[in-house]
Amino acid sequence: MSVRKGIIALTLVIILPLLFIKSCVIYNPKPEDCKVISAKITKIREGSTYDIQFKTENEKVYYINRGLELGLNLDSLNAKVLNKTVTLHIATLLFGSTKHISQLTLENEIIFSEFN
């Protein structure tokens, strides 16, 4: 193998894992890095690892990561947003959008936010 091919291979071995990690980790999301959607919430339930899942009228499911550990309550969320249209800021990554809710608002009230 030539030195040039060796350098290219080494560069790929170092850079590709970093791109993969960057493309899969949601850390400190910013509003400008999110896709904003409006959706009517038809079901709210506990997901795995203390997540809170929100099902929309078009059958899509979004989640607040570890929402129960963050102090959110299923009963109060059901009372507040069930069968209502909310605004969701959905985190995006290098290779597209996710189902991760970075912010949930109802009209002008912020119900949940990861934004600093």
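Let's start inside the fold, at threonine 105: setting aside neighbours within four places in sequence, this residue is in contact with Val86, Thr87, Ile110 and Ile111. Threonine 105 sits in strand E5. With a relative accessible area of 9%, threonine 105 counts as buried, because the cut-off for that label is under 20%. Keep in mind that you're looking at a predicted model, so confidence will come up again further down.

Now step back to the whole chain. The protein has 2 helices and 6 strands, and from the N terminus they run α-β-β-β-α-β-β-β. Of its 116 residues, 30% are buried. Take the contacts between residues at least 6 apart in sequence, and 51% of them join residues at least 24 apart. As for the surface, the protein exposes about 7700 Å², with carbon and sulfur atoms supplying 56% of that area.

What holds the middle of the picture is a nonpolar core, so let's go there next. In soluble globular proteins, nonpolar side chains tend to be buried together. The largest nonpolar core here has 18 residues, and Phe54, Leu88, Ile101 and Leu104 are the ones that touch the most other members. The elements giving two or more residues to this core are strands E1 (34-46), E2 (52-56), E3 (61-64), E4 (85-93), E5 (96-106) and E6 (109-113), along with helix H2.

Leu88 is a good residue to click on. Not counting residues up to four places away in sequence, leucine 88 touches Lys35, Val36, Ile37, Tyr62, Ile101, Gln103 and Leu104. Two of those partners, Ile101 and Leu104, are also on the list of residues touching the most other core members.

Next, try the helix side. Leucine 77 is found in helix H2, which spans residues 74-81. Is leucine 77 buried or exposed? Its relative accessible area is just 3%, so leucine 77 is buried. Beyond four places in sequence, leucine 77 touches Ile44, Ile52, Phe54, Leu72, Leu82 and Ile111. One of these, Ile111, is also a contact of threonine 105, and another, Phe54, is among the residues that touch the most other core members. You can also check a separation here: the C-alpha atoms of leucine 77 and arginine 45 are 9.7 Å apart, while the two residues lie 32 residues apart along the chain.

The loops have a couple of backbone details to look at. Tyrosine 50 is in the loop between E1 and E2, and its phi is near 65 degrees, a positive value in a residue other than glycine. Arginine 66, in the loop between E3 and H2, also has a positive phi, near 55 degrees, and isn't glycine either. How accessible are they? Tyrosine 50 is partly exposed, at 44% relative accessible area, and arginine 66 is partly exposed too, at 33%.

Finally, back to confidence. The mean pLDDT of the protein is 86, and 84% of its residues reach 70 or more. Where is confidence lowest, and where is it highest? The low end is helix H1 (residues 3-24), with a mean of 59, and the high end is E2, at 98. Over residues 18-24, pLDDT stays under 50, and the model has 6 contacts beyond four places in sequence for that stretch.

Conventions. Residues are numbered from 1 along each chain as its sequence is written. This is a predicted model: local features need pLDDT of at least 70, side-chain atom pairs count only at pLDDT 80 or more; totals for chains, interfaces and linings use all residues. Side-chain values use heavy atoms; hydrogens and water are left out. Helices (H or I, at least four residues) and strands (E, at least two) are DSSP runs, numbered from the N terminus. Buried means under 20% relative accessible area, exposed over 50%, partly exposed in between (1.4 Å probe, protein chains only). Contact means heavy atoms within 4.5 Å. Accessible areas come from the Shrake-Rupley method with a 1.4 Å probe; for residues, only the protein chains shown count as cover. A nonpolar core is a set of buried Ala, Val, Leu, Ile, Met, Phe, Trp, Tyr and Cys residues joined through side-chain atoms within 4.5 Å. pLDDT is the predictor's confidence in each residue, from 0 to 100.
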